[in-house]
Amino acid sequence: MHPATCWLRRPATAVTDMARIDLDLAHAYMANPKSDDDYALLPLAMSFSDGGAYALLGPSGCGKTTLLNIVSGLVKPSRGSVRFDGVDVTARTPQQRNIAQVFQFPVIYDTMTVAENLAFPLRNRGVAADRIARRVGQIAEMLELSGQLNTRAAGLAADAKQKISLGRGLVREDVSAVLFDEPLTVIDPHLKWQLRRKLKQIHQELKLTLIYVTHDQVEALTFAEQVVVMTRGRAVQTGSASELFDRPQHTFVGHFIGSPGMNFLPARSAGASLDVAGHRLSLAARGLADLGIVTLGVRPEYVTLAAAGAEGALPAVVTQAQDIGTYWLLTTQVGAGAGAGGVVRARLGTRQAIPRAGETVWLRLVGAHTCFYKDDVLVAEAAS
Amino acid sequence: MKTVNQRAWLLILPVVICVAFSAILPLMTVVNYSVQDIISPERRVFVGTEWFKSVMRDDDLQGALLRQIAFSFAVLVVEIPLGIALALAMPAKGWHASAVLVLVAISLLIPWNVVGTIWQIYGRTDIGLFGAALAWLGIDYSYTGSARDAWLTVLLMDVWHWTPLVALLCYAGLRAIPDAYYQAASIDGASKFAVFRFIQLPKLRGVLMIAVLLRFMDSFMIYTEPFVLTGGGPGNATTFLSQYLTQKAVGQFDLGPAAAFSLIYFLIILLLCFILYNWMQRVGTADKEAGHG
């Protein structure tokens, strides 16, 4: 078990209310975890800086909601600590940490009106009535709920209810951070897009620290400045959208981000040459010399067609050619056996001649954007 | 045009027969009795609404009706809040939860007349734990001698017997509230009372409605327990409607007035349930046009 360390860089802002959040912890829901599988979160250390917009991205069950609940204080980590501005808050409740959180399904107080719902977090903290009214007005304006302020919240549609939940998360000005747990799951696609933009806008206006959990890469990459990709209780990479796309630090990131995900092929590096599926590519890859057996990873966007027998290209049989509208998706089989070759997908522009299924094409796999992995971890990039 | 298929009637025939024998025929028998004076099995005279008029003027019956309303009201006022409090205090998880559930449900398994007998002994000042304890504390208590004590004992007995039902219903209702509500409330900084007032109570509305209706109907028809405990006494302090009715119908064999009163009794329950149900539907959902949540 090796801790994943990632320090998220962002210049500290002068806002005093918010806090830099440092995590150094592990969590298991069971009492005596033995193997890695028993952990919901493997040991990790990461920081969220003031006023940043972050996303935790990963498939269901990868531990992202657990991580979020640990930050908010709903779950106490079984090991390690949570620090806000250097102060250990591990034992504190969400209320003491002054965290706002929005959940996957709308939570509204049935008997209250929309305005009362929005005012609830402020009222509980004894904020003066005129300040509450002003703040509720602002938030309602932002979320386009102004017209419904005096309606009973229980009768509204799911998306309006979720807007109320979002509003309750944003209504306090002095929160340490606002956490979102897949908040747009219940929202219609067109409203989803609108609300996501709204959140981004709110982030720019209020300069709150936002942490957003999602399994949707588009949502994560458009919302956040920094995305933490998680799988099976491990944070495998943190970075901007382009970093995650161009330099996946882990095969999971390559596979999970992008559609379709990165192509992976077994390869062997020896000296200045690289053997892929029985073909020797003489293209020198810096730093590969002593690695032996590696996994070659290349995104479908960076696979190009080459002339038959071209230098640095290898043959593949087209199994499927799909017209996706703005591009063609070519599915090919490289090499014969399962151990020696694999499926390679390529995104081709609509202008060029598209090979048909059954044809043999020559593909150029190694280029500036090709990555090499050993034990799923990035070891080298092709010479650029 | 749709074709009319008369054979559909055949399909509902079993239901019609069942309902006829279980509800309509017995009810019509009562209606039949209520408009006749049965002098002997062979001789009967049609008397119209006379029984209804005389029953309505009966002082004993009016007394029993008032006592009954007061009793049912007291039952609801005590059992509903107590049941909610009990449900809130019960553990949610683990073996404690199962153990407490079984303990709470025990009184519900005891037959009515046994409950009466238990309390008859329990309340005795010589050998009963409850009565003796009160006597030891210097409280002058006798459910056979004092009308107030008898009334309170019957109420206490009903609370002991039936509060667990309310508690179990509320417990089920509480367990159905998703965790996210409590988490959100904790994030929103809600106090324990606010959680109860704005999450738990509104979410319990459905089960509370069932609990109130069940406890109201049941307490309004209470018969066995006071009959065993006090026999309706002392005097007629604990003579509730159904006991009064039984005295009339079985004791004095006044089938006509008893039947007339049965019908009135039935209508009273129907009316009060209707009022209660509608009131509870409205409470907590003030703007009806916004739909229901």
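This is a short walk through a predicted model, one selection at a time.

Before you start, note that residues are numbered from 1 along each chain as its sequence is written, and chains are lettered from A and ligands numbered from 1 in the order in which they are written. Because this is a predicted model, local features need pLDDT of at least 70 and side-chain atom pairs count only at pLDDT 80 or more, while totals for chains, interfaces and linings use all residues.

**Stop 1: the two parts of chain A**

Colour residues 4–246 of chain A as domain 1 and residues 261–381 as domain 2; the bounds come from an automatic or database domain assignment. The C-alpha centres of domain 1 and domain 2 of chain A are 40 Å apart.

**Stop 2: the six-stranded sheet**

Now select β7, β8, β9, β4, β10 and β11 of chain A, which form an open sheet in the order β7-β8-β9-β4-β10-β11 with mixed pairing. Strands here are DSSP runs of E with at least two residues, helices are runs of H or I with at least four, and both are numbered from the N terminus. Two strands pair if DSSP finds at least two bridges between them. At the edges are β7 (99–102) and β11 (234–239) of chain A, each pairing on one side only. From one strand to the next, the twist averages 20°.

Zoom in on β4 (residues 53–57) and β10 (residues 226–231) of chain A, a parallel pair with four bridges. Show Leu57(A) as sticks, and you will find Val229(A) of β10(A) opposite Leu57(A).

Then step to Asn98(A), in the loop between α2 (94–97) and β7 of chain A. Asn98(A) is not a glycine, yet has a positive phi of about 60°.

**Stop 3: a helix with two partners**

Select α3 (residues 114–124) and α4 (residues 129–142) of chain A: they pack at an angle of about 130°, with axes 10 Å apart. Axes are lines fitted to C-alpha atoms, for helices over the stretch in contact, and angles run from 0 to 180 degrees between N-to-C directions. α3(A) and α4(A) are therefore oblique to each other; angles under 35 degrees count as roughly parallel, over 145 as roughly antiparallel, 65 to 115 as roughly perpendicular and the rest as oblique.

Which residues of α3(A) and α4(A) meet? Ala115(A), Leu118(A), Ala119(A), Leu122(A) and Arg123(A) of α3(A) meet Ile132(A), Arg135(A), Val136(A), Ile139(A) and Ala140(A) of α4(A). Residues are in contact if their C-beta atoms, placed from the backbone, lie within 7 Å. This contact of α3(A) with α4(A) has eight nonpolar, no polar and two charged residues. Ala, Val, Leu, Ile, Met, Phe, Trp, Tyr, Cys and Pro count as nonpolar, Asp, Glu, Lys and Arg as charged, and the others, Gly among them, as polar.

Keep α3(A) and add α5 (residues 158–170) of chain A, packed at an angle of about 30° with axes 7 Å apart. That makes α3(A) roughly parallel to α5(A). Here Val114(A), Asn117(A), Leu118(A), Phe120(A) and Pro121(A) of α3(A) meet Ile164(A), Gly167(A) and Arg168(A) of α5(A). By class, the contact of α3(A) with α5(A) has five nonpolar, two polar and one charged.

**Stop 4: into domain 2**

Pause at the cis peptide bond joining Ser259(A) and Pro260(A), where omega is about -5°. Pro260(A) is in the loop between α9 (251–256) and β12 (263–270) of chain A.

Next, select the open sheet of five strands in the order β16-β20-β17-β18-β19 (chain A), with antiparallel pairing. Its edge strands are β16 (304–306) and β19 (342–349) of chain A. Neighbouring strands of this sheet are turned by 50° against each other on average, direction ignored.

Focus on β17 (residues 313–323) and β18 (residues 327–334) of chain A, which pair antiparallel over seven bridges. Opposite residues include Val318(A) with Thr332(A) and Ala316(A) with Val334(A). The two strands form a hairpin with three residues between them, and Gly325(A) in the turn has a positive phi of about 110°. On to the next pair: eight bridges join β18(A) to antiparallel β19(A), where Val343(A) is the bridge partner of Gln333(A).

**Stop 5: where the chains touch**

Finally, show both chains: the contact takes 21 residues from chain B and 24 residues from chain A. On chain B, α8 (179–187) and α9 (192–203) are the elements giving two or more residues to the side that touches chain A. The largest share of that side, six residues, comes from α8(B).

Definitions and conventions
Two residues are in contact if their C-beta atoms, placed from the backbone, lie within 7 Å.
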